[in-house]
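Work through the exercises below with the model open beside you. Try each task before you read its solution.

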Amino acid sequence: MGRGKIAIRRIENQTSRQVTFSKRRAGLLKKTHELSVLCDVQIGLIIFSSTGKMCEYCTEPWRAAAGKHR
């Protein structure tokens, strides 16, 4: 059996929202890394939390290219 569908809307409980954000952020970072390795692509990903904290992932060639354009 598959997982049930959830309604995509803002989570009102702040603790639950933070836990969900942390889990989904980790999953997104993992998928980003897998995509870059499997498909040999350059990827840059920037995530800002609701508190303004930044999380980033980028492949090495992309990191060098991004540094040139800053």
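## Exercise 1: The hairpin

Task: Describe how β1 and β2 are joined, and find the glycine with a positive phi in the turn.

Solution. Step 1: β1 and β2 make a hairpin, with five residues between them. Step 2: Gly 52 sits in the turn and has a positive phi of about 95 degrees. Step 3: β1 covers residues 44-48, and β2 covers residues 54-58. Strands here are DSSP runs of E with at least two residues, helices are runs of H or I with at least four, and both are numbered from the N terminus. Step 4: The two strands pair in the antiparallel sense over five bridges. Pairing requires at least two DSSP bridges between the strands. Step 5: Check the partners. Gly 44 has Cys 58 as its bridge partner in β2, and Ile 46 stands opposite Glu 56.

A note on the source: this is a predicted model, where local features need pLDDT of at least 70 and side-chain atom pairs count only at pLDDT 80 or more, while totals for chains, interfaces and linings use all residues. Residues are numbered from 1 along each chain as its sequence is written, and side-chain values use heavy atoms, leaving out hydrogens and water.

## Exercise 2: Two faces of a strand

Task: Sort the side chains of β1 by the face to which they point.

Solution. Step 1: Leu 45 and Ile 47 point to one face and are buried. Buried means under 20% relative accessible area, exposed means over 50%, and partly exposed lies in between (1.4 Å probe, protein chains only). Step 2: Gly 44, Ile 46 and Phe 48 point to the other face and are not buried. Step 3: Phe 48 counts as exposed because its relative accessibility is 55%. Step 4: Not counting residues up to four places away in sequence, Phe 48 touches Lys 53 and Met 54. A contact means heavy atoms within 4.5 Å.

## Exercise 3: Buried or exposed?

Task: Compare Ser 36 with Asp 40.

Solution. Step 1: Ser 36 lies in helix α1, residues 14-39. Step 2: Ser 36 counts as buried because its relative accessibility is 7%. Step 3: Beyond its neighbours within four places in sequence, Ser 36 contacts Val 41, Ile 43, Tyr 57 and Thr 59. Step 4: Asp 40 is in the loop between α1 and β1. Step 5: Asp 40 is exposed, because its relative accessible area is 70%. Step 6: Asp 40 is not a glycine, yet its phi is positive, about 50 degrees.

## Exercise 4: The whole chain

Task: State the order of the elements and where confidence is highest and lowest.

Solution. Step 1: Count two helices and two strands. Step 2: Along the sequence, the pattern is α-β-β-α. Step 3: Buried residues make up 16% of the 70 residues. Step 4: The mean pLDDT of the chain is 87, and 84% of its residues reach 70 or more. pLDDT is the predictor's confidence in each residue, from 0 to 100. Step 5: Confidence is highest in α1, at a mean of 95, and lowest in α2 (residues 60-68), at 62. Step 6: Where pLDDT is low, do not read the predicted coordinates in detail.
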